[in-house]
Amino acid sequence: MSRPSLFGSPLFLGFDHLEQMLDRVQRSADGYPPYNIEQTGETRLRITLAVAGFSMDDLQITQEDNQLVIRGRQRDDSEGRIFLHRGIAARQFQRAFVLAEGIEVEGAWLDNGLLHVDLRRPVPEVRVKTIQIATRGNGAPQRPVVSQVGDLPPAPLNGFRNREG
């Protein structure tokens, strides 16, 4: 039995890739290492992961398309040591965060067992397009005409004239 689609409405066009991405992230989320996400400014975010015992050489941060992927792999330094109890997690991890369009990674640093990753969310630019409604001449279909606000009126297509011409 499949679960209902988040974007199952016919009003959501072209969001298939987002649903696939959310499925991938949900499958990889196991709770380790614990993390916080905080807003540090109007357009700034910070992800903080608890990575006690990991050095900078044990950690890798990559941005793969619109996913921020943080991986950790500790070297096995238990050779020659005898543990009576081993309760400190020394396992590898991979944590993925889906980034919205335009979010940029500003930097990362390790401090007292906490890995901080700063992100900047740009202020979205308002885009307005005017879509002209063209008439059909002689019953022949005509391609739609799209122009940016402030652009010159579009030239006629395939010998047909638009409403202004």
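Colleague: How many aromatic pairs does the structure hold?

Modeller: The model is predicted: local features need pLDDT of at least 70, side-chain atom pairs count only at pLDDT 80 or more, and totals for chains, interfaces and linings use all residues. Residues are numbered from 1 along each chain as its sequence is written, and side-chain values use heavy atoms, without hydrogens and water. Rings of Phe, Tyr and Trp (its six-membered ring) pair if their centres lie within 6.5 Å; planes under 30 degrees apart are stacked, over 60 edge-to-face and the rest tilted. The number of aromatic pairs in the structure is 3.

Colleague: What is the centre to centre value for the pair of Tyr 32 and Phe 93?

Modeller: The planes of Tyr 32 and Phe 93 stand at 85 degrees, and the pair is edge-to-face. The centre to centre value is 6.1 Å.

Colleague: How many residues apart are Tyr 32 and Phe 93?

Modeller: Helices (H or I, at least four residues) and strands (E, at least two) are DSSP runs, numbered from the N terminus. Tyr 32 lies in the loop between helix 1 (16-28) and strand 1 (35-41), while Phe 93 is in strand 5. The pair therefore links distant parts of the chain, and the separation is 61 residues.

Colleague: Which angle lies between the planes of Phe 54 and Phe 93?

Modeller: Phe 54 and Phe 93 form an edge-to-face pair at 5.3 Å centre to centre. The angle between their planes is 80 degrees.

Colleague: How many residues apart in sequence are the parts that the pair of Phe 54 and Phe 93 ties together?

Modeller: Phe 54 belongs to the loop between strand 2 and strand 3, and Phe 93 to strand 5. The pair therefore ties together parts whose separation in sequence is 39 residues.

Colleague: Is Phe 93 buried or exposed?

Modeller: Buried means under 20% relative accessible area, exposed over 50%, and partly exposed in between (1.4 Å probe, protein chains only). Phe 93 has a relative accessible area of 8%. That value makes Phe 93 buried.

Colleague: Is Tyr 32 buried or exposed?

Modeller: Tyr 32, Phe 54 and Phe 93 form one aromatic cluster. Phe 54 is buried along with Phe 93. Tyr 32 has a relative accessible area of 14%, so it counts as buried.

Colleague: Which residue lies over the face of Tyr 32?

Modeller: A charge sits over a ring if NZ of Lys or CZ of Arg is within 6 Å of the ring centre and within 35 degrees of the ring normal. At 4.0 Å from the ring centre of Tyr 32, the residue over its face is Arg 91.

Colleague: Over which ring does the charged end of Arg 86 sit?

Modeller: The charged end of Arg 86 is 4.5 Å from the centre of the ring in question. That ring belongs to Phe 83.

Colleague: Which residues of the largest nonpolar core touch the most other members?

Modeller: A nonpolar core is a set of buried Ala, Val, Leu, Ile, Met, Phe, Trp, Tyr and Cys residues joined through side-chain atoms within 4.5 Å. The largest one has 16 residues. Those that touch the most other members are Leu 49, Leu 68, Ile 70, Phe 93 and Leu 119.

Colleague: Which strands each supply at least two residues of this core?

Modeller: Two of the suppliers are strand 2 (44-50) and strand 7 (114-120). The full set is strand 2, strand 4, strand 5 and strand 7.

Colleague: Which order has the open sheet of 3 strands?

Modeller: Strands pair if DSSP finds at least two bridges between them. Pairing in this sheet is antiparallel. Strand 3 and strand 5 (93-98) stand at the edges with a single partner strand each, so one side of each is left without a neighbour in the sheet. The order is 3-4-5.

Colleague: Which residue in strand 5 is the bridge partner of Ile 70?

Modeller: Strand 4 and strand 5 pair in the antiparallel sense over 6 bridges. In strand 5, Ile 70 has as its bridge partner Arg 95.

Colleague: Which residue in the turn between strand 3 and strand 4 has a positive phi?

Modeller: Strand 3 (residues 59-64) and strand 4 (residues 67-72) pair in the antiparallel sense over 6 bridges, and Glu 64 stands opposite Gln 67. The two strands form a hairpin with 2 residues between them. The residue with a positive phi, about 55 degrees, is Asp 65.

Colleague: Which order has the open sheet of 4 strands?

Modeller: Its pairing is antiparallel. Strand 1 and strand 6 (104-111) stand at the edges with a single partner strand each, so each has one side without a neighbour in the sheet. The order is 1-2-7-6.

Colleague: Which residue in strand 2 does Ile 37 stand opposite?

Modeller: Strand 1 and strand 2 pair in the antiparallel sense over 6 bridges. The residue opposite Ile 37 is Ile 47.
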